[in-house]
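Work through the following exercises with the model open beside you, and try each task before reading its solution.

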Amino acid sequence: MNAELLLQWLVIAPLMLWSTWRVAKQFAPRSIAAMQNRIAQALVKRGYQRLGSWMQSGSTDAGCGSGCSSCNACGPSTPEIKDTPVQWRDAGPR
C-alpha cells in the first residue's frame with residue numbers, strides 16, 4: 001500500500017463514518033439513541049465513566065411531534081390544505 005492510498009483512507013474513512021452516523025441519527029433517532037445508550041452503559045461498566053456519561057443520549061422519545069429537535073425539522077405545524085382547485089393567473093402582456 002503506497003502512502004497516497006493510505007492517506008486517502010485516513011481522510012475518507014472517518015468522513016464516511018461520520019456521514020453515515022449523521023444520516024442514521026436523522027432517519028432513525030430512536031434506534032440510534034438506544035444503541036448509543038447501550039454503548040455508553042458498556043463503557044461505564046468497563047470503568048470509563050466520563051466517556052460513558054458524555055456518550056449517554058438524552059431521550060429515546062425522539063421523533064416528529066415530540067419537540068426534541070433531534071431532526072432539526074421542528075417548526076410550526078403546517079396549515080390545513082383546503083380542497084380548493086388551483087387558480088391560474090394571466091401572466092400579462094409580454
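The exercises below go from the whole chain to one helix pair and then to two single residues.

This is a predicted model, in which local features need pLDDT of at least 70 and side-chain atom pairs count only at pLDDT 80 or more, while totals for chains, interfaces and linings use all residues. Residues are numbered from 1 along each chain as its sequence is written, and side-chain values use heavy atoms, with hydrogens and water left out.

**Exercise 1.** Describe the elements of the protein chain and the confidence of the prediction.

*Solution.* Begin with the elements: the protein chain has three helices and zero strands, where helices (H or I, at least four residues) and strands (E, at least two) are DSSP runs numbered from the N terminus. Next take the confidence, given as pLDDT, which runs from 0 to 100 for each residue: the chain has a mean of 80, and 72% of its residues reach 70 or more. Then turn to the helices, where confidence is lowest in α3 (residues 49-55), at a mean of 89, and highest in α1, at 92. Where pLDDT is low, the predicted coordinates should not be read in detail.

**Exercise 2.** Determine how helix α1 packs against helix α2, and which residues make the contact.

*Solution.* Two packed helices are described by the angle between their axes and the distance between the axes. Here α1 (residues 3-27) and α2 (residues 29-45) pack at about 120°, with their axes 5 Å apart; axes are lines fitted to C-alpha atoms, for helices over the stretch in contact, and angles run from 0 to 180 degrees between N-to-C directions. That makes α1 oblique to α2, since angles under 35 degrees count as roughly parallel, over 145 as roughly antiparallel, 65 to 115 as roughly perpendicular and the rest as oblique. The contact (heavy atoms within 4.5 Å) is made by Trp21, Ala24, Lys25, Gln26 and Phe27 of α1 together with Pro29, Ile32, Met35 and Gln36 of α2.

**Exercise 3.** Are Asn37 and Gly52 buried or exposed, and which residues do they meet?

*Solution.* Apply the cut-offs, by which buried means under 20% relative accessible area, exposed over 50%, and partly exposed in between (1.4 Å probe, protein chains only). Asn37, in helix α2, counts as buried because its relative accessibility is 13%, and Gly52, in helix α3, counts as buried because its relative accessibility is 0%. For partners, Gly52 is in contact with Ala40, Leu43 and Val44, leaving aside its neighbours within four places in sequence. Finally, the C-alpha atoms of Gly52 and Asn37 are separated by 8.6 Å, with the two residues 15 apart along the chain, while the side chains of Asn37 and Gln56 are joined by a polar contact of 3.0 Å (a pair of N or O atoms within 3.5 Å; within protein, one must be able to donate a hydrogen and the other to accept it, and residues adjacent in sequence count only if both atoms are side-chain atoms).
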